[in-house]
Amino acid sequence: MSKPLILCLTAWLVLAACGPAPTEQSATTPAEPAKTETQVDQHNSQNSLDWAGTYRGVVPCADCEGIDTLLTLNMDNSYLLSTTYLGKEGDAIQQQGTFEWDAKGSVIQLLNQKEGPALYKVGENQLFQLDMAGQVITGDLAENYKLNKQAQQAQVQLTGVRWKLTELMGQPVPATEPDMTPYLEFTADNRVSGFAGCNQFTGAYETEGLGLQFKPMATTQKACLNGSVEDQFLSTIQGIDNYSLSDSGLAFYKARTAALARFTAVQVQP
């Protein structure tokens, strides 16, 4: 064999030995499947934020000094909107109705809105007014299209008022003669007392933000003809865990359900 041929064969053998070895998939360890979907985060403003409450801000106005906007969102998806055009004569414009969330749980739309903006992006203790197309407003005045949550104001209003029951478990409370309608009163030292329809009651309560819980109540022991109303009232308020306050009154809730009880302010205590 000639010397050049020997050199060529030697070079070919070296290259073959240095090439990558074939790989084999283990018979006992299956190959990891390719990821075809991105995991979706289920947390959103609707289910993760303490969004219920009252929000306020002064938004820009084309022909006035600004629009003082007060928007209350309740746990049962009802709202109360009050707008005052600063620098103009006239009282505040009151609108109320219900709102709904978008599919992502981040934007609400005020339904039955006759005039003004209806779309708001919900953030941590803030609402961001959106334009008619549902887009965030940009530009130099963007920061002015924002409403801030007024948690402390709502908590102050809870005390010093007699709250008369108007609705229980979705049903209106009928008037009686003499008036035997249940009511309750809160004091600043976390005490509550009231009338359940026949017996007087007293106890303690705890609040944190819009969270509200009652401690076990002590009641008088009168025999009552309308004991079923009294029993339902007391058991209902013992089961609530949050509340909302608005110009229309006080409402109690359990988690994020419809209102279990509604009250109206009838007497300010001295």
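In this predicted model, the residue D76 touches a group of residues from much further along the numbering: setting aside its neighbours within four places in sequence, D76 is in contact with Y253, T257, A258, A259 and R262. D76 itself belongs to the loop between β2 (66-73) and β3 (78-86). With a relative accessible area of 22%, D76 is partly exposed, because residues count as buried only under 20%. The C-alpha atom of D76 is also separated by 8.4 Å from that of T98, a residue 22 places away along the chain.

A similar description can be given for S193, which is found in strand β12 (residues 191-195). S193 is partly exposed, at a relative accessible area of 29%. Not counting residues up to four places away in sequence, S193 touches Y183, L184, E185, F201 and T202. Between S193 and T219 there are 9.6 Å from C-alpha to C-alpha, and the two are 26 residues apart in sequence.

With these two residues in view, it helps to step back to the whole chain. The protein has 270 residues, of which 36% are buried, and its secondary structure comes to 4 helices and 18 strands. Contacts between residues at least 6 apart in sequence offer another way to look at the fold: 42% of them join residues at least 24 apart. The accessible surface comes to about 16800 Å², and carbon and sulfur atoms account for 54% of that surface.

The interior can be followed through its nonpolar residues. The largest nonpolar core contains 53 residues, and those with the most contacts inside it are L184, F186, F214, F233 and F252. One of these, F233, shows how parts of the chain come together. Leaving aside neighbours within four places in sequence, F233 is in contact with L165, L168, P182, L184, F195, A196, F201 and F263. L184 and F201, both on that list, are also touched by S193. F233 takes part in an aromatic cluster as well, together with F186, F201, Y205, F214, F252 and F263.

Aromatic rings deserve a closer look. A search of the whole structure finds 10 aromatic pairs. One of them joins W51 and F99 in an edge-to-face arrangement, with the ring centres 5.8 Å apart and 85° between the planes. This pair links distant parts of the chain, 48 residues apart: W51 is in the loop between α2 (45-48) and β1 (53-59), while F99 is in strand β4 (residues 93-101). Both W51 and F99 are buried. F99 also pairs with W101, again edge-to-face, at 6.5 Å from centre to centre and with 65° between the planes. The relative accessible area of F99 is 3%, so this residue is buried. W101 counts as buried too, because its relative accessibility is 13%. A ring can also have a charged side chain as its partner: R162 lies over the face of Y183, at 4.0 Å from the ring centre. Y183 is among the residues that S193 touches.

The structure holds 1 disulfide. This bond is formed by C61 and C64, whose sulfur atoms are 2.1 Å apart. The disulfide is right-handed because the torsion about the S-S bond is about 130°. C64 counts as buried, as its relative accessibility is 17%.

Finally, two asparagines stand out in their backbone angles. Most residues other than glycine have a negative phi. N112, however, has a positive phi of about 60° although it is not a glycine. N112 is placed in the loop between β5 (107-110) and β6 (119-123), and at 59% relative accessibility N112 counts as exposed. N125 likewise has a positive phi of about 60° without being a glycine. Its place is in the loop between β6 and β7 (126-129). N125 is partly exposed, with a relative accessible area of 40%.

Notes: Residues are numbered from 1 along each chain as its sequence is written. This is a predicted model: local features need pLDDT of at least 70, side-chain atom pairs count only at pLDDT 80 or more; totals for chains, interfaces and linings use all residues. Side-chain values use heavy atoms; hydrogens and water are left out. Helices (H or I, at least four residues) and strands (E, at least two) are DSSP runs, numbered from the N terminus. Buried means under 20% relative accessible area, exposed over 50%, partly exposed in between (1.4 Å probe, protein chains only). Contact means heavy atoms within 4.5 Å. Accessible areas come from the Shrake-Rupley method with a 1.4 Å probe; for residues, only the protein chains shown count as cover. A disulfide is a pair of cysteine sulfur atoms within 2.5 Å. A nonpolar core is a set of buried Ala, Val, Leu, Ile, Met, Phe, Trp, Tyr and Cys residues joined through side-chain atoms within 4.5 Å. Rings of Phe, Tyr and Trp (its six-membered ring) pair if their centres lie within 6.5 Å; planes under 30 degrees apart count as stacked, over 60 as edge-to-face and the rest as tilted. A charge sits over a ring if NZ of Lys or CZ of Arg is within 6 Å of the ring centre and within 35 degrees of the ring normal.
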